Amino acid sequence: MKRLFLLSAISLFALNAVSVNAAMQQRVEVAFVLDTTGSMADLIDGAKKKIWSIASTVVDTNPDADIAMALVAYRDRGDDYVVQTTPLSEDIQGLYGKLVKLEADGGGDTPESVNEALQNAISDLKWSSGDHVKRIVFLVGDAPPHMDYEQERQYPRILKDAKDRDIIVNTVQAGDMPETTPIWKEIAQYGGGRYMAIPQSGGDVVVIISPYDDEILDLQGELDGTVVPYGRLEQKEETGRRMVEKAAAAPSVKLDNSKFYAKRALKKEVITGGDLIGDVRNNAVALDGVAETDLPDDMRALSKDERKAYVAERLDKRSKMEARMSELINKRDAFVVEEQAKTKTAGNVDSFDRAVEDTLRAQLN
C-alpha cells in the first residue's frame with residue numbers, strides 16, 4: 001500500500017513537473033536586423049504590409065506563446081544614423097508603428113555597418129533567459145559588413161556570443177550582390193540558422209481576398225470601439241494614437257492584425273496595453289486598483305458598482321464578437337489554403353514574408 005502510494009505520489013509529481021515545463025514553453029522572441037539604406041526601399045514597404053502576418057505565424061505554431069519582437073535598423077557611418085533600435089516588446093502594434101515611419105535612405109556605397117547592428121541585436125537587446133524561450137534573429141540586407149572598422153567586434157565573435165545564449169541567427173539576402181552571398185551564408189551557418197535569397201524588391205507580397213473579409217473588417221471596427229484608454233494623460237493619448245494608426249492601416253494589414261489577436265489563446269486583447277478592458281480581463285490590473293485620475297472621464301462619475309457593471313458589459317460584448325471573429329478567421333484561413341493550392345503559392349519562399357514565415361514554422365516546431 002505504501003509502495004502504491006509512493007508510486008502515485010511520484011507519478012503526480014512527474015505529471016506536475018511536465019505540466020509546469022509545458023506551461024513554460026510559452027515565449028518566442030524575434031528580432032529583425034534590417035538594412036534601411038536606399039536600395040532596401042521596396043522590401044521595407046513589403047515588411048510594413050506583412051509584419052502582422054509574420055506575427056500570426058508564431059501564433060499558428062503556438063497559440064499559447066507570449067510573443068515579443070524587436071527591430072534593429074542599420075545603415076552606415078556618415079548616414080543619418082548607424083543603428084536605431086526598437087527594443088523587444090510584446091507590443092507588436094508599437095513595432096508596426098515604428099516600421100510604418102521607417103524610410104529607406106542613405107547608403108549609396110558598400111559595405112554597411114552590419115557588425116554593429118548584429119552586436120546591438122545579440123548583446124544589447126534584453127533577451128529573456130531560460131529553456132522555455134525561443135530566441136530568433138533575422139538579418140535582412142543586401143550588402144556585406146565593414147570588416148575594416150577598427151575596434152569593432154566582427155560577426156564571427158558576435159555569433160559565438162549568440163550561440164552561447166541560444167540565439168538562432170538567420171540571414172535573408174536581398175538581391176544578388178556576389179560579395180554578400182558567402183558572408184550571409186557563413187553568418188547563418190555560425191548562427192545555427194538558415195540562409196535565404198530573395199529578390200532585391202523583397203519579392204511579391206501576395207494578398208488573397210476572401211468572401212469573409214468585409215465582415216471581418218466591420219467586426220474588427222466594432223471590437224476596436226470597445227477599447228477604453230486609461231492611465232496618465234500621456235498613456236491615454238498614446239493608446240488613442242495607436243488606435244488611429246490601427247484604423248488607418250490597409251485592409252490586408254488589418255486582416256492580418258485581426259488574425260493575430262483572434263488566434264492568441266492565453267491573452268485576449270484588442271491592443272496590447274493601455275486598454276482598461278483588456279488589462280482587467282488579462283489580470284494585468286485590478287479595476288478597484290486604478291486611480292480615479294487614471295480612469296476615462298465618463299467612468300469617473302460612476303459608482304464602484306456602476307464601474308464594474310460598465311466593464312462587465314463591455315467584456316461580455318467583446319467576448320461575443322471575439323467568438324464570431326474566431327469563426328470568420330478560421331473560415332478565411334481555410335479559403336486562403338485552397339486558393340494557395342490552386343495558384344501554387346503556398347510553397348513559394350521567393351519573398352520576404354514567405355521566407356521568414358516558413359523559417360519560423362521550422363524553428364518553432
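On a 1 Å grid over the protein atoms alone, a cavity is a set of points where a 1.4 Å probe fits but cannot get out. Points are joined across faces, edges and corners, and a volume is the space filled by probe spheres set on them. This is a predicted model, where local features need pLDDT of at least 70, side-chain atom pairs count only at pLDDT 80 or more, and totals for chains, interfaces and linings use all residues. Residues are numbered from 1 along each chain as its sequence is written, and side-chain values use heavy atoms, with hydrogens and water left out.

Searching the whole structure turns up one cavity of 30 Å³ or more. The largest cavity has a volume of about 90 Å³. Its lining (residues with an atom within 4 Å of a point) includes Phe 32, Leu 43, Val 140 and Phe 352. Strand E1 (27-35), helix H2 (41-61) and helix H3 (92-101) each give two or more residues to it; helices (H or I, at least four residues) and strands (E, at least two) are DSSP runs, numbered from the N terminus. H2 supplies the largest share, three residues.

Now over to helix H7. Among its buried residues (under 20% relative accessible area, 1.4 Å probe, protein chains only) are Ile 216, Leu 219 and Leu 223. Seen down the axis, the buried residues of H7 fall within an arc of 140°, so they line one face of the helix; the arc is taken from the directions from the helix axis to the C-beta atoms. The face turned away from that buried side carries Asp 214 and Asp 218, which are exposed (over 50%). What do the buried residues of H7 pack against? They pack against helices H8 (233-247), H9 (251-263) and H12 (304-343), with contact meaning heavy atoms within 4.5 Å.

Note on methods:
On a 1 Å grid over the protein atoms alone, a cavity is a set of points where a 1.4 Å probe fits but cannot get out, and a pocket is an open set with protein on both sides within 12 Å along at least five of seven lines; lining residues have an atom within 4 Å of a point.
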